[in-house]
Amino acid sequence: MNTNTKKQTKYLEQATERITGSEAVVRSLIAEGVDIIYGYPGGAIMPVYDEFYKYQDEIHHVLTRHEQGATHAAQGYARISGKVGVAIATSGPGATNLITGIADAQIDSTPMVCITGQVPSHLLGSDAFQETDIVGISTPVTKWNHQITTAEEIPEVIAKAFYIARSGRPGPVLIDITKDAQFDSLDFTYQKCNGVRSYTPVPEINKEALMASADLINSAKKPLIVWGQGVILGQAEEEFKAVVEKTGIPAAWTIMGVSALDTSHPLNVGMVGMHGNYAPNILTNECDVLIAIGMRFDDRVTGKLSEYAKQAKVIHFEIDPAEIDKNVKTDVAVLGDAKASLAQLLPLLQKNSHSIWLEKFNELSKIEFEKVIKNDLYPTKEGLTMGEVIKEINVQSNGKAAIVSDVGQHQMIACRYAEFTQSRGNITSGGLGTMGFALPAAIGAKMATPDREVVAVIGDGGYQMTIQELGTIFQTKTAVKIVVLNNDFLGMVRQWQQLFFDKRYASTVMTNPDFVTIAKGYHLKAKRVTKREDLAEAVETMMASKTPYFLEVCVEKEDNVFPMIPSGASVSEIRLE
């Protein structure tokens, strides 16, 4: 039994004891296996923080420099570990500062529990100092939320929160606790939650739907698999790989799904979506059966919905019934957990090979290489490209590093070119597209997996949204590697302005500070690279460092990310230039 399990068992098996609500919060967290919590103290949550001080040998609190940073760190922790991330803040502005991270976690299905302090219950609704209706504010972006006004509620509500956050399609939960509930006493005992009335997290697999999907797959001539994060969340990587290899079907990924299958696998045909690979996007509208696994047909994947895969029979493997037929009409829907669904599907599938169909992907990939990839990874121009930086990180990490990216051009380049041999390797803000995500998320990811290399790849714009979290890195000595690709622009917006707004660069030019000096101000090792001949050595030095390291790479100012599906266009209209 490991140390953390012993801590959990201690409070799960303990007899009833009279303690304060604030101590009940901390003991409940420990009973749920929480070892790290990210947050920022304040008046309305101070009783809980006093208990953190007393229990610091059992649960580690990380002081971030902003509450938004706490949520993103909790997200990074959850995404790489598969466990529930936890963030905590005070009432009012502390609570509202969590909202961006909560919304990000909701749309990207990240298990997270957020705890906020609240003014005493007798002051609720009186506009008291730092009172905000955080339950009302967070309702649209949480899987569940609840306000606690009495100490007796605390253990049961926290147990329910963790169950809801981690079960089925994961998501964020918020618990708001009034200050008097934290001070009051209760007879404490803790029991984990194993079910909630009227909540069915995992639908039962329909055998007829499973058989129908197998029949369509077995008879298909030009099938295509598109998988998303559901494969990773369901821990279904091995089952998924077995299905792909048995059927011989080309498989493409959304940005949230990458790393579930080795990027070098011969049946891995690349990324779909707005800046995805040429072949899977073009051939989406030529396949006869489209098998969607653990993905939600986001608009960035489908492009113009009225022209998306209209020729294909669509099979959708999905845990959330709300996603079926929401965007794309499904011919066969297989509801259930991805791991169980794919395991039951596998014996129904015939061993197959689609070599002629796969060759079409290879032919289109060669076109993309000549027109796009070669210029990104092996440029002949003087300026550095974002792609060659990612290529150098691949060389140094052997595809084993976790890449944490922000939002923008660098994100698309990182997702396109990063090599992964290990699942949970790509951590990014997908559905919400949150600038400022990467730096704090990388802190959480590294703390969750200290033996794994974690590299944050960030643009100069997003970096400055949460740059204060360098203070968290300095204080905790978390060995994150930070790479800022600096083009002195809000690059993705500038690309759209160039292509669709006649180069009217309205408010996208960045006048940046000296990033290296700032990093050194936080006592981090730091270097700036401006020339190609210095890049390899700089990346090697960074990756070899046992301590936090900051690397700024000055890249071409007006490089664009291609391929690109213009807004409102179909996947067939993807542009290579």
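## Exercises on cavities, a pocket and a strand

The largest cavity holds about 70 Å³ of space, in a model that is predicted.

**Exercise 1.** Determine which residues line the largest cavity, and which elements and domains they come from.

*Solution.* Begin with the lining itself, which is made up of R79, Q229, I232, L233, M256, V258, S259, R424, N426 and I427. Next, assign these residues to elements: those that contribute two or more to the lining are α11 (230-233) and β16 (426-428). Then turn to the domains, where domain 2 (207-361) and domain 3 (382-554) each provide at least three residues of this lining. Finally, sort the lining by class, which gives five nonpolar, three polar and two charged residues.

**Exercise 2.** State how many cavities of 30 Å³ or more the model contains, and describe the second largest cavity.

*Solution.* The count of cavities of 30 Å³ or more is three. The second largest cavity has a volume of about 40 Å³, and its lining consists of D376, T385, M386, G387, I413, D559, N560 and V561. Divided by class, that lining comprises three nonpolar, three polar and two charged residues.

**Exercise 3.** Work out where the second largest pocket lies with respect to the domains, and what surrounds it.

*Solution.* The second largest pocket, with a volume of about 650 Å³, is lined by 23 residues, among which T263, N268, N277, I373 and R416 lie nearest its centre. At least two lining residues come from each of β11 (268-271), α16 (355-377), α17 (386-397) and α18 (409-417), and α16 makes the largest contribution, with six residues. By class, the lining has ten nonpolar, nine polar and four charged residues. Because domain 2 (207-361) and domain 3 (382-554) both give residues to this lining, the pocket lies between them.

**Exercise 4.** Establish whether the residues of strand β17 are buried or exposed, and identify the strands with which β17 pairs.

*Solution.* Take burial first, for which the cut-off is under 20% relative accessible area: six of the six residues of β17 (residues 454-459) are buried. Looking at the two faces separately, V454, A456 and I458 point one way while V455, V457 and G459 point the other way, and all of them are buried. Now consider the pairing: strand β15 (residues 402-405) is parallel to β17 and joined to it by four bridges, with V404 having A456 as its bridge partner. Strand β18 (residues 481-486) also runs parallel to β17, over five bridges, and here V457 stands opposite V483.

Definitions and conventions:
Residues are numbered from 1 along each chain as its sequence is written. This is a predicted model: local features need pLDDT of at least 70, side-chain atom pairs count only at pLDDT 80 or more; totals for chains, interfaces and linings use all residues. Side-chain values use heavy atoms; hydrogens and water are left out. On a 1 Å grid over the protein atoms alone, a cavity is a set of points where a 1.4 Å probe fits but cannot get out, and a pocket is an open set with protein on both sides within 12 Å along at least five of seven lines; lining residues have an atom within 4 Å of a point. Grid points are joined across faces, edges and corners, and a volume is the space filled by probe spheres set on the points. Ala, Val, Leu, Ile, Met, Phe, Trp, Tyr, Cys and Pro count as nonpolar, Asp, Glu, Lys and Arg as charged, and the others, Gly among them, as polar. Domain bounds come from an automatic or database domain assignment. Buried means under 20% relative accessible area, exposed over 50%, partly exposed in between (1.4 Å probe, protein chains only). Two strands pair if DSSP finds at least two bridges between them.
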